Amino acid sequence: MKRALDFRSSQLGYPLLVLKLQRYVLIMRLEKNEKFTLNPGWRILFSEMNLPVGETLRRAGLSPRLFEKLPVTLDAASFFRFWKAMEKAGNDLEIPILMAKSLDVEVFSPPLYSAVCSHNLRQAAERIRRYKALMGPITLDIEDTPKQLKIIWRWPLHLEPPLGFLLADMLFWVYLARKCTRFNIAPREVTVPILPSSLTDYLDYLGAPLTRADEVSLTFSGTDAELDFLSSNDAIWSAFEPKLRDQLAELQSGTSVTDQVRIALMRAIPAGTATASHVAETLSITTRTLQRRLQTEGASFKSVLNATRADLARHYLTTSTLPLYEISFLIGYKEPSSFNRAFREWEGMTPEEFRNC
């Protein structure tokens, strides 16, 4: 484990390691959906990209007739093998670029097609964020301000999705913005931890350079995020939403509300949005419903928030050499003195005493 952490620290930067540990080290014990869905649109994509289906599937250790049974679900390891086999089948081609140029709305799954029916990119981002769990364990954080719309990709630390997969997902958003507005929208900023080899190809498609940074993110201007989608259709959305809501509820049914709140808090605490209203919105319920459901499990939002902070604090104190003031900040306390008081209540000792035990 130590060697793996050292590798990530040297390759991607220590801040990335810290953020990922904070957001995902406990999430990986809670999230249950680590499967990816291949919908029937993959048949069209492979045809448009002129890639050999059977050879790719065999190389990935999958049945060469798998595409005859779509939709199917694959565990994360199988899906990532499939992706890497697709990259090998493309030889020197940049698969994310090729895929983006081959996209059409007919290949979209229902959660993605729901974005096409939105009124603008802001609404599309919120809809996909809410239902992206139906497509796999890669989730999205949305930072929406009047000046910009920032989409940030998150995943459990142990999954390590291929860079090409993440780039393809990012290019999808640029395609969506252009296709639905009929404007040649270019993102304001694109960041990835490791730059791809063919930077020129991505610059040509995106209209913006890729920058090396700790997180995988895509930022659009507030003006572009507000542009009307010519494809907006409330009637189709009304037909889609109940089924999507039911599928999401079924996916979450095996997880207690308390655990769902802890998962949401892992993402909300570092963003400074660890409020009951924000978490309720993340879970697509009202704040009142959230409190009521927690109460039926013998918990409250405050108790879950404190327990989550305590778990994170113990983790940092036992697995890192981070200064106490940094740990305080990472778990949502503005002042180290507040962190010290809270930790005494949790453990009956100071954070420093706990670390030295």
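Which charged end sits over the ring of W237, and how far is it from the centre of that ring? It is the charged end of R127, which lies 3.8 Å from the ring centre of W237; a charge counts as sitting over a ring if NZ of Lys or CZ of Arg is within 6 Å of the ring centre and within 35 degrees of the ring normal. A second case is found at R309, whose charged end sits over the ring of Y333, 4.4 Å from its centre.

Before going further, it helps to know what kind of model this is. This is a predicted model, in which local features need pLDDT of at least 70 and side-chain atom pairs count only at pLDDT 80 or more, while totals for chains, interfaces and linings use all residues. Residues are numbered from 1 along each chain as its sequence is written, and side-chain values use heavy atoms, with hydrogens and water left out.

The protein chain contains 20 helices and seven strands, where helices (H or I, at least four residues) and strands (E, at least two) are DSSP runs numbered from the N terminus. Of its 357 residues, 51% count as buried, a word that here stands for under 20% relative accessible area, with exposed meaning over 50% and partly exposed lying in between (1.4 Å probe, protein chains only). If we take contacts, meaning heavy atoms within 4.5 Å, between residues at least 6 apart in sequence, then 69% of them join residues at least 24 apart.

Aromatic rings offer a good way into the fold. The structure holds 21 aromatic pairs, and rings of Phe, Tyr and Trp (its six-membered ring) are paired if their centres lie within 6.5 Å, with planes under 30 degrees apart called stacked, over 60 edge-to-face and the rest tilted. F36 and F79 form a stacked pair, at 4.4 Å centre to centre and with 10 degrees between the planes. Because F36 lies in strand β1 (residues 35–38) and F79 in helix α6 (residues 76–89), this pair ties together parts that are 43 residues apart in sequence. Both F36 and F79 are buried. W83 and F165, in turn, form an edge-to-face pair, with 5.5 Å centre to centre and 85 degrees between the planes. This pair, too, links distant parts of the chain, since W83 belongs to helix α6 and F165 to helix α10 (residues 163–181), 82 residues apart. W83 counts as buried at 2% relative accessibility, and F165 is buried with a relative accessible area of 12%. Ring pairs join these four residues with others into a cluster of F36, W42, F46, F67, F79, F80, F82, W83 and F165.

F165 brings us to helix α10, which has 19 residues and reaches 28 Å from its first C-alpha to its last. That is close to the 27 Å expected at 1.5 Å a residue, the expected span being 1.5 Å times one less than the number of residues. Of the 19 residues in α10, 17 are buried. One residue of α10 is G164, which is buried with a relative accessible area of 8%. G164 touches W83, E87 and P96, if residues up to four places away in sequence are not counted, and its C-alpha atom is separated by 7.2 Å from that of I95, 69 residues apart along the chain. Just after α10, R182 takes a positive phi of about 65 degrees.

Helices also pack against one another. The axes of α10 and helix α11 (residues 199–206) come within 11 Å and cross at roughly 25 degrees, where axes are lines fitted to C-alpha atoms, for helices over the stretch in contact, and angles run from 0 to 180 degrees between N-to-C directions. The two helices α10 and α11 are therefore roughly parallel to each other, given that angles under 35 degrees count as roughly parallel, over 145 as roughly antiparallel, 65 to 115 as roughly perpendicular and the rest as oblique. In this packing L167, L171, V174, Y175 and R178 of α10 meet Y202, Y205 and L206 of α11. Helix α4 (residues 41–49) and helix α7 (residues 95–102) pack at an angle of about 110 degrees, with their axes 9 Å apart, and that makes α4 roughly perpendicular to α7. Their contact is made by W42, L45, E48 and M49 of α4 and L98, M99 and S102 of α7.
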